Amino acid sequence: MQKINLKLVIVLGLSASFLAGCNGGSASSSPAQVTASNSVQITAGSGYNGNGYNTPYVTVTVCQPNTTICQTVDHILLDTGSVGLKIDQSQLQTTLPSITQTGSGLPISVCNLYGSGYVFATANYADVYIGGEKAPNIPVQIIDDSTSQSGVPSSCSNQGAFVDFSNSSGAKGIIGVNPMINLGNNTNLDYTCAGGVCTEINSGIPVTYLNVNPVGYFVSGNNNGEVVSLPTVSANTNSNITGTLTFGINTESNNQVPTNISSVQGDPNDFIGRFIGLSSGAYFPTMFDSGTNHFRFYSTEIDLCGELYCPSSPTAWTSQISSYNMSGSAISLSSIITSQTVAYSLMPNLGLSAQSGSGLYGLPFYFGKNVYLGFVGSNSSMGSGPTWGFVNQ
């Protein structure tokens, strides 16, 4: 996820940003919304506190492993550009057991780096429920969302600004559902902290991954991919929309890959499985990133006002996407870009500039489409995962 906050000027994507109120969701004695369904509602627009724009949210339930001591938390930012479930500390009343370093027994904390900065979080175990699906005893993280950030080690805080999801995105947490399923611990900075002093560690971590996509760990067969479906947004609006996140690829009647899909293969050796884009003659690694709230691209044809593209009249941005190894035919894309004042919950034509050689297809790309993500290790008519595909509704 990459984001840009334009009231402060935001980017995720890799994805993100939070503040939080005192009440983080409904505590319950059993998992909420546990049904046979392999889907969950997406709400897109602005968040629980009125902050954010072009942001998708889902509801998750976290439980102490193997118990019915649970809490349901709404407005979790849905991010196809990152990996891992992270919830603001101030939004969570349920205590989750710590993941501790082997030998010292000290709790492990993680510095997670995003395109817009960092979040510092403790590593914990939880059973995670989304819709009617369960991912048992997986690593999740609780974000230190205190305003001071005084306890964060400088090797983490020096990586950029604290990503305050609540303030920039109206979210109480983030769930990274990238098709790579997990991130190796060498992609983060990991610590044990005692007496206010944090020490970076690279051993004694008892789990293979501290960041995992919960969907890839569902105990059902609906764990090989997902489909993000959002309706068309034809004009700027302050009304949120609803769509669906459907789990699995070719596992049930509601997640079959259609014959008319346009698809590309992501790089299985890239930590977020990116494919290749082409804009104004420049190639760039890219993805369909629901956690970025705008198109971000390089163009020599569209007028700029600071970071915002501001054509005098609606203008088509044309680009192409190809598989990471340039196999197969390139897919041509065209999106309308208009001059914007960032003052609406949903803006379907918002474009921001990027350096030549970089760019992302953010949430506006998802409007009016069913977007299919095939996880690494999966196989479908899209090819071997990671795969990315879409069909216009």
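1. A good place to start is the open sheet of four strands, which follow the order 18-17-22-23 with antiparallel pairing. Strand 18 (282-286) and strand 23 (331-337) form its edges; each has a single partner strand, so one side of each is left without a neighbour in the sheet. On average, and with direction ignored, neighbouring strands here are turned by 35 degrees against each other. Please keep in mind as you read that this is a predicted model.

2. Inside that sheet, have a look at strand 17 (275-279). Strand 17 pairs with strand 22 (residues 315-322) in the antiparallel sense, over three bridges. If you would like a residue to anchor your view, take Ile 276, which stands opposite Ser 322 in strand 22.

3. Now follow the chain from strand 17 towards strand 18. The loop between these two strands holds Ser 280. This serine has a positive phi of about 50 degrees, although it is not a glycine. As a reminder, most residues other than glycine have a negative phi. Is Ser 280 buried, exposed or partly exposed? Its relative accessible area is 27%, and because buried means under 20% and exposed means over 50%, Ser 280 counts as partly exposed.

4. Asn 66 deserves a similar visit. Here too phi is positive, at about 60 degrees, and the residue is not a glycine. You will find Asn 66 in the loop between strand 3 (55-63) and strand 4 (70-79). With a relative accessibility of 72%, Asn 66 counts as exposed, because the cut-off for that word is over 50%.

5. Next, a loop on the other side of strand 17: which residue sits between strand 16 (262-265) and strand 17 (275-279)? Asn 269 has its place in that loop. Asn 269 is exposed, because its relative accessibility is 72%. Along the chain, Asn 269 and Pro 386 are 117 residues apart, yet their C-alpha atoms are separated by 9.7 Å.

6. Pro 386 has a point of its own to make. The peptide bond that joins Gly 385 and Pro 386 is cis, with omega at about 10 degrees. For background, most peptide bonds are trans. Pro 386 lies in the loop between strand 28 (383-384) and strand 29 (387-392).

7. Let us move to strand 6 (residues 108-114), which is mostly covered, with six of its seven residues buried. What does strand 6 pair with in the antiparallel sense over six bridges? The partner is strand 7 (residues 117-130), and a hairpin through two residues joins strand 6 to strand 7. Within this pairing, Asn 112 stands opposite Val 119 in strand 7.

8. Strand 6 also pairs with strand 11 (residues 189-194): the two run antiparallel and are joined by four bridges. Ile 108 has Thr 192 of strand 11 as its bridge partner. As a general reminder, strands of a sheet pair through backbone hydrogen bonds, either parallel or antiparallel.

9. Strand 15 (residues 241-247) makes a helpful companion to that picture. Five of its seven residues are buried, so this strand is mostly covered. Strand 2 (residues 39-45) runs antiparallel to strand 15 and is joined to it by six bridges; in that pairing, Ser 39 stands opposite Thr 246. Strand 14 (residues 225-230) is also antiparallel to strand 15, with four bridges between them. There, Ser 229 stands opposite Thr 244.

10. Stepping back to the whole protein chain, you will meet three helices and 29 strands. The C-alpha trace spans about 60 × 45 × 40 Å along its principal axes. How does the radius of gyration fit a compact globule? For 393 residues such a globule would have a value near 21 Å, and the chain has 20 Å, which agrees.

11. A last word on the surface and the charges. Of the 393 residues, 58% count as buried. The chain exposes about 14,100 Å², and carbon and sulfur atoms supply 47% of that area. There are 8 positive and 18 negative side chains, and the centres of the two sets lie 4 Å apart.

Notes
Residues numbered from 1 in each chain as written. Predicted model: local features only at pLDDT ≥ 70, side-chain atom pairs only at ≥ 80, totals over all residues. Heavy atoms only, no water. Buried < 20%, exposed > 50% of the residue type's maximum accessible area, 1.4 Å probe, protein only. Pairing = 2+ DSSP bridges. Rg over C-alpha atoms; globule rule 2.2 N^0.38 Å. Areas by Shrake-Rupley, 256 points an atom, 1.4 Å probe, with all protein chains shown as cover. Lys, Arg positive; Asp, Glu negative; His and termini not counted. Charge placed at Lys NZ, Arg CZ, Asp CG, Glu CD. Axes fitted to C-alpha atoms, helices over the stretch in contact; angles between N-to-C directions.
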